[in-house]
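Q: Please take a close look at one part of this protein, and explain the terms as you go.

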Amino acid sequence: MTTTLDEPRAAERTPPPAARPGRRRSPVTWYRGGGLANLLFVLPMLFVFVFFSWSPIVQSAIMSLQKTNLIVSEWVGLDNYLAVLADPELGRAVVNTLWFAVLALLFGFPLPLLMAVLMSEVRRGKGLYSALAYLPVVIPPVVAVLLWKFFYSADPSGVFNTVIGWVGIPPQPWIQDAAQAMPSLVLEATWAGAGGSIIIYLAALLGVPPELYDAAEVDGAGIWRKIWHVTLPQLRGILFIMLILQVIATAQVFLEPFLFTGGGPAGATKTVLLYIYDKAFRNSLGGDYGEATAVSVLLAIVLALLSWLYFRLTDRWSTS
């Protein structure tokens, strides 16, 4: 008797079956669920995003197929792409950009990691050293470049020439010499951007288990063997991410060659972005905006491929 009375109550307490996950909602259900209100709420932000983000991209793709001075336009198809790909100045700009990237990776990539490792070993004043390392990032980039341009004076009384003169090195032309100009730009760019990388590496080093260092020390490993066998393997993921991001950043270098040398001397520091700028704005009567935009589209495709590689690798690491 008790069982018979409890069965309806148990049925009342049983929750209704959940809707099938693959079931499609009808327009009426979507409207009653507040879908229209949600759409009206998102619509202004969606409009701003499309207008300011995707609209310039579409317009740039169209402009790259035109001969235009922003007033009169003529449809030329792929002629702009063929013209810039046959331009030897673009080839030299690509070589200069690759040379800048190689130098930036050789000097600017390991230096922040080394400084972060050394700072992590400091027992006292770690916060002060971190603040000093990050200080160049706080300085406005234009101010930093103009300051270093003053330091790079080829005069024997210049700041850097005076410093190297203390150890018997003769005065150097620095940015006024075609061979020394690009390494000089890389040196300033490394100084300006190392602070952010150091902070990221310091945060990553906090995630390395201390017992790994203790085990290495028990085995008699010195500081360099600890770095090689413990630190670098533990930071493998962040190191590769920083590498990809730095390659993408060096492909877009513009400020240093523009303010330091204007692409000189003799075109030794003319990068791809500076080539685009010269195509579009160097002529006061109106530049070749179609060819400049074509180079921009080609550069965007290359950077998109690098970004795709970056996201694929980071997604693989996050799910492994």
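A: What follows looks at one aromatic pair and then at its setting. This is a predicted model, in which local features need pLDDT of at least 70 and side-chain atom pairs count only at pLDDT 80 or more, while totals for chains, interfaces and linings use all residues. Residues are numbered from 1 along each chain as its sequence is written, and side-chain values use heavy atoms, with hydrogens and water left out.

The part in question is helix H15, which covers residues 272-281 and holds both Tyr277 and Phe281, four residues apart, about one turn of the helix. Helices (H or I, at least four residues) and strands (E, at least two) are DSSP runs, numbered from the N terminus. Rings of Phe, Tyr and Trp (its six-membered ring) pair if their centres lie within 6.5 Å, and planes under 30 degrees apart count as stacked, over 60 as edge-to-face and the rest as tilted. By this rule the count comes to 16 aromatic pairs. Among them is the pair of Tyr277 and Phe281, with 5.5 Å from centre to centre and 50° between the planes, so the pair is tilted.

As for the surface, a residue is called buried under 20% relative accessible area, exposed over 50%, and partly exposed in between (1.4 Å probe, protein chains only). Tyr277 is partly exposed because its relative accessible area is 25%, whereas Phe281 is exposed because its value is 51%.

Around this pair, the protein chain has 16 helices and two strands, and of its 320 residues, 32% count as buried.
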